[in-house]
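Student: I would like a close look at a single part of this model, namely its aromatic rings and what surrounds them. Please take it slowly, with each term explained where it comes up.

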Amino acid sequence: MSNFLLAFIVLVPFVSATILGIMYLYSIKISKVPNFVFTLFGLSAPIISFAVGFSFFLKMIVNDEIILYKAYRWLSVDAYDIDMGFMADQLSIFMVLFITFVGGLIHIYATGYMKDDEGYGKFFFYFNLFLGSMLLLVLADSPIIMFIGWEGVGVCSYFLISYYYEDSENVKAGNKAFIANRVGDLGFIIAMVTMFYYAGANGLDYINLEAGLVNLPIDLLTFIGLALFVGAIGKSAQIPLYVWLPDAMAGPTPVSALIHAATMVTAGVYMVARFHFLYDMIPNVGLFIAYIGAFSALFAAIIATKQTDIKKILAYSTMSQLGYMFIAVGLGAYSVGIFHVFTHAFFKALLFMGAGAVIVALHHEQNIFKMGGMKDKTPLVFYTMLIATLAITGIPPFAGFFSKDEILLTAFSSEHYLLWGIGVVTAILTAYYMFRMIFIVFFGQNYKKERTIHFVPNSMLMPLVVLAIGAVLAGFIGIPEVLGGHNLVGEWLSNWHLDSLHVTHKTEILLMGGNILAAFIGIFIAYKKFYMYDMKDVAEPQGIIWNKFYIDEIYDRFIIQRTKALSIFISYKIDVNIIDKIVMGLSNSFIKSGHFVARMQNANTRFYAFTMLLGISVISTYLIIVMR
């Protein structure tokens, strides 16, 4: 019975979403449902799921074992059975804890952010559905069940990004996210089909897959690993499928926080870590993953240095931080990558929610050069966002320092010095563009000094305080031995930990000092350029970096427009002039034949008698000739 509670973690948000959906339809069709009722169900889901997940965490501390639960037989094809199964191990339960905890804080924040929205109930329906899909993804015991959650977060992101569907640009952003992820998902499906065909004889759950994949040739394993990673590229917005992520800022700010901090974009990193038994056998593919992550991190950081929309700056920072995570998991340091997922959840949720508070205070202004002077007007938001910025920048003792430092140490100790160098340069750029945002938004000299500041409710501010505490303390569970600490993350995720770090403590300290110096270089440059920045002389942004290297335009011209032209050619040339003519020609032949036969069915008795006589005559003549 206790194992049933594993499914309960996933079931609660889905049941809550169902109730919220029914209540919302009742509210718009029959009678208005008060917002506090939607709030009650919306907030209860992450709280209950966290409590149940925490109970499993305590259980696994005492008894270190994998917990399995088969809910029911989902599909049965010939002798092959697929169960709706759930699996709790160190990785999945660790993910569940911060998904539900941070997700719950974002839910609380959303009650204040969305309080005046007409679709309040619908929003929380989508939010709970999103949370449930992510929990299904991480607790699934097989890639097939994972894929249900994988597609669930994809469709929920579409609903939430295009939430303000009255604006066609928001709908386009939702479509862009959905379509870009479908491209990646094709890779995931191809990998699943290949694994099913070659290694699924005993079942497609992770335990049986681990045993089945060992016997496959290296070329086939490489193909599966690359196909799976295509799915991860789509979900986690890496080169070349990252283009949907900045446009996803069209949705409400709580959506941005949930997508970037605790759910969708981390799914790709989780998936690579989950298939560690595969990637351990194909280290060359892992190295390819690490380089994709490194170049994505650097590329996104460069673009972020010129962005003016506060949410898009943070969106590119997410892409960049995800790149760091892929460096780690690509090099086989899965626990290091997941550690950064964990710390990132706190400071990235805080950054988006702090940005949302500023946006609300300024009546939904998102251009940082139209802000300025917000330190004195929203002090709590400033101090909490400063903590998050120090964390993402990698300044000790904030959370991001410990996880990012371990990633760079992994790259250096693995003797992949180019990866390490890219990571260090990206760290400088991260410090620069994040403090550029802080200095402009909170210290900039805005000539509209007497502007009205909109009230920001406590439901939006209190989660910032909790997340700020997390952004300070979360890294302390992974203090390296060289600092006299104990890496609890590495011990908990022992099966996903890279043990061989071939550096001395002296080298590790020097590298650590270099990382801190890199961060301060970026901060110093931002300080010199943007501290007390005068908004009166801001020119219209331009240039290749501000235009994101014109990648969207390149994709549009060489992929989208050519695909569209091909579709038009097939539709109007081949379909209309060839296929339609063949099909319609055949149908017209049948119609004419039918008309000819119909003439014989004319209800004329003499005509029927004549045709019968004619038929008998023909048959008789034939028989006479044959019988002779």
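How many aromatic pairs does the count come to?

Tutor: Before the answer, a word on the source: this is a predicted model, in which local features need pLDDT of at least 70 and side-chain atom pairs count only at pLDDT 80 or more, while totals for chains, interfaces and linings use all residues. Residues are numbered from 1 along each chain as its sequence is written, and side-chain values use heavy atoms, with hydrogens and water left out.

The count comes to 48 aromatic pairs, where rings of Phe, Tyr and Trp (its six-membered ring) pair if their centres lie within 6.5 Å, and planes under 30 degrees apart count as stacked, over 60 as edge-to-face and the rest as tilted. One of these pairs is formed by Phe123 and Phe127, whose centres are 4.6 Å apart with 35° between the planes, which makes the pair tilted. These two residues stand 4 places apart in helix α4, and are therefore separated by about one helical turn; helices here are DSSP runs of H or I with at least four residues, strands are runs of E with at least two, and both are numbered from the N terminus. In general, an α-helix has 3.6 residues a turn, so residues three or four places apart point the same way. Phe123 and Phe127 are both buried, a word that means under 20% relative accessible area, with over 50% called exposed and anything in between partly exposed (1.4 Å probe, protein chains only).

Helix α4 (120-139) also helps to cover the buried residues of α10, as do others including α3 (90-113) and α15. In α10 (residues 253-261), 9 of the 9 residues are buried, so this helix is largely enclosed by the rest of the structure.

Aromatic rings also gather in a cluster, formed by Phe50, Phe54, Phe57, Phe94, Phe98, Phe101, Phe342, Phe346 and Trp492.

Further aromatic residues appear in the largest nonpolar core, a set of buried Ala, Val, Leu, Ile, Met, Phe, Trp, Tyr and Cys residues joined through side-chain atoms within 4.5 Å. Of its 213 residues, those that touch the most other members include Trp244, Phe275, Tyr279 and Phe442. Helix α15 (residues 334-361) gives the most to this core, with 20 residues. Leaving aside residues up to four places away in sequence, Phe442 touches Val358, Gly373, Met374, Lys375, Thr378, Val381, Phe382 and Met385, a contact being heavy atoms within 4.5 Å.
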